[in-house]
Every structure is written in structure tokens, then in C-alpha cells.
Amino acid sequence: MHLTKIQRTIIKLGVVVVLAIILIRAYQPELALLTHPSPAHQRELVTLVHQHGLGDTLLLVATIAILCSIPFAPNSVVCIFTGVCFGPFIGFLINWCGNIIGNGFVAIMIKRSGISDQIRRKPAFDYLTRQRFPVVGLIIGFIVPVIPNLLVNCAASGLAVAKHQYLLAVSLGTLPIAFLYALGGNALFTMSFKKVIAVVVLFVLLCLFYWGLKRLQDKLPN
């Protein structure tokens, strides 16, 4: 059954709303504490998080994976919330796993359905598929937040990269953003000056890394 653009948008919006309701019900006490980020509430938040079982943790992983597969869905908001609740390191692992799983699902669906002509006409798709080193190009694509995951996965399919190359690209490409969101969320809640500085430094380094790789790619002969 072929769905129209409006029908697809309604379905995607419905999925996001349902996920939001489920998360709010599961993490309602934590969300209430976020409105008053005091030291006492920070300790209470840690206590509440420790009370959550594996199921609630997997719920966050699944939510991030699903939102990652929906273009323009608020995936970053959930990743930041994960950093607030679980801290920069466990939050990073949850974000990272969710993004890898979500992108893997998108890649499988693209392989089954093919790449649309609309995607092929995108300048970013053309740029990613013309890289001398495809894996490096895909890593850049996953690192840059403004490039939709759908487009990067379409480029991976168009390049017909091997499974291990794709796994390497998606793992390395989603790693810095997953950590940045987790650290940023934790820094905002704890109001730690050192963590805020670390987030800014990491963001600048990420921009410099992207700029350096792009310059290197542009200078190399095709």
C-alpha cells in the first residue's frame, strides 16, 4: 500500500507522540526534578535512576533507535535527557547503542525499498557518494547533525559498502555526538562549569575535525 506524504507525516508524528507519552510515564519523577536542578535534587535523581530496571533502560535505547530512524524527530532531546539521568558515560552508551541500532534498521529498510530519485538529487548525497574513501565520507555524514541519517544511509546503500565497513562508519560517526549529548545534558543539570567547558571544547574540536576532513577530501584527486 502506497502512502501519501501527509499520511507518512501523520504516522511519524503519531509514533513520536506515543513514545513521548511512554517516556513521560516511565520517567515522570525525573522530569519533575529537572525543573529545580538543586544539589539535593541531583542526589534524588541518582536515587530514582538506580530504581529503574533493565526494561526502562532498554526503553530509552529503543526510543532513541526509533527516533533516529525518523527524519527530523527530536532524537537529540532524548539523548540529552539520557545524559541528565544516567550521567555522561552510561548516558553515552545508551545514546550510542540506540543510534547504531536505529541507523542499522534504516539501512536494512533502504536496501529493501531502494533509493528514491528525490534523495539522489540531494547535493549531500552526491557529495557523500563521490568520496575517494567511502567509509571516511560516511563517518563525516554521521558526525554532522544537519545531515539526516536517512540520507547518509542512502549514500551507504548507493556505495554498496560491505557490512563491516558500514558498521565501522556508523559506530565511529555516531560516537562523538552520542557522547556530546550525554555530557551536555549532564552539564546542564549539574551546572558544572568544567563540564560546560568540556562540552564547548568537544564541540569546537568536532567542528575542526569535520572542517579538516572536508578540506583533505577536497584536495585529494578523485
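**Notebook: an all-helical chain**

**Entry 1. Overall fold.** I counted the secondary-structure elements and found 11 helices and 0 strands in the protein chain. I note at the outset that the model is a predicted one. Following the sequence, I wrote the pattern down as α-α-α-α-α-α-α-α-α-α-α. I then looked up burial and found that 39% of the 222 residues in the protein chain are buried. For contacts between residues at least 6 apart in sequence, I recorded that 74% join residues at least 24 apart.

**Entry 2. Aromatic pairs.** I searched the whole structure for aromatic pairs and obtained 5. One of them is the pair of Tyr27 and Phe81, which is edge-to-face, with 5.6 Å from centre to centre and 85° between the planes. I traced where the two partners sit: Tyr27 is in the loop between α1 (5-26) and α2 (28-33), and Phe81 is in helix α5 (residues 75-113). The pair thus links distant parts of the chain, 54 residues apart. I checked accessibility as well, and both Tyr27 and Phe81 are buried.

I turned next to Phe92 and Trp96, whose rings form a stacked pair at 5.4 Å centre to centre with 20° between the planes. Both residues belong to helix α5 and are 4 residues apart, about one turn of the helix. I asked myself whether each of the two is buried or partly exposed. Phe92 has a relative accessible area of 13% and is therefore classed as buried, the limit being under 20%. Trp96, with a relative accessible area of 22%, is partly exposed. I also recorded that Phe89, Phe92, Trp96 and Phe179 form one aromatic cluster.

**Entry 3. Nonpolar cores.** I looked up the largest nonpolar core and found 31 residues in it. The residues with the most contacts inside this core are Ile115, Phe125, Leu128, Leu138, Val152, Cys154 and Tyr166. I listed the elements that give two or more residues to it: α5, α7 (123-129), α8 (134-143), α9 (149-159), α10 (163-190) and α11 (193-219). The most comes from α10, which gives 7 residues. I followed Leu138 further and, leaving aside its neighbours within four places in sequence, found it in contact with Val152, Ala155, Ala156, Leu159, Val161 and Ala169. I noted in addition a second, separate core of 21 residues, which includes Leu33, Ile70, Val78 and Cys85. As background, I remind myself that nonpolar side chains tend to be buried together in soluble globular proteins.

**Entry 4. The contact of α8 with α10.** I looked up how these two helices meet: their axes come within 8 Å and cross at roughly 35°. The crossing in which α8 passes α10 is right-handed. From α8, I listed Val135, Leu138, Ile139, Phe142 and Ile143 as the residues that make the contact. From α10, the residues include Tyr166, Leu168, Ala169, Leu172, Gly173 and Ile177. Which classes of residue make up the contact of α8 with α10? I recorded 12 nonpolar and 3 polar residues, with no charged residues.

**Entry 5. Two residues compared with Thr174.** I examined Ile140, which lies in helix α8. Ile140 is buried, with a relative accessible area of 2%. In sequence Ile140 and Thr174 are 34 residues apart, while in space they are 9.6 Å apart, C-alpha to C-alpha. I then examined Pro145, located in the loop between α8 and α9. Pro145 has a relative accessible area of 56% and is exposed. The C-alpha atoms of Pro145 and Thr174 are separated by 9.5 Å, with the two positions 29 residues apart along the chain counted as their separation.

**Entry 6. Asn186.** I located Asn186 in helix α10. Is Asn186 buried or exposed? At 7% relative accessibility, I enter Asn186 as buried. Leaving aside neighbours within four places in sequence, I found Asn186 in contact with Gly83, Val84, Gly87, Pro88 and Lys195.

**Entry 7. Ala160.** I checked backbone angles and stopped at Ala160, where phi is near 55°, a positive value in a residue other than glycine. Most residues other than glycine have a negative phi. I placed Ala160 in the loop between α9 and α10. Its relative accessibility is 62%, so I count Ala160 as exposed.

Terms used:
Residues numbered from 1 in each chain as written. Predicted model: local features only at pLDDT ≥ 70, side-chain atom pairs only at ≥ 80, totals over all residues. Heavy atoms only, no water. Phe/Tyr/Trp six-rings, centres within 6.5 Å; stacked < 30°, edge-to-face > 60°. Buried < 20%, exposed > 50% of the residue type's maximum accessible area, 1.4 Å probe, protein only. Core = buried A, V, L, I, M, F, W, Y, C linked by side-chain atoms within 4.5 Å. Contact = heavy atoms within 4.5 Å. Axes fitted to C-alpha atoms, helices over the stretch in contact; angles between N-to-C directions. Left-handed = near helix turned anticlockwise from the far one by under 90°. Nonpolar A, V, L, I, M, F, W, Y, C, P; charged D, E, K, R; others polar.
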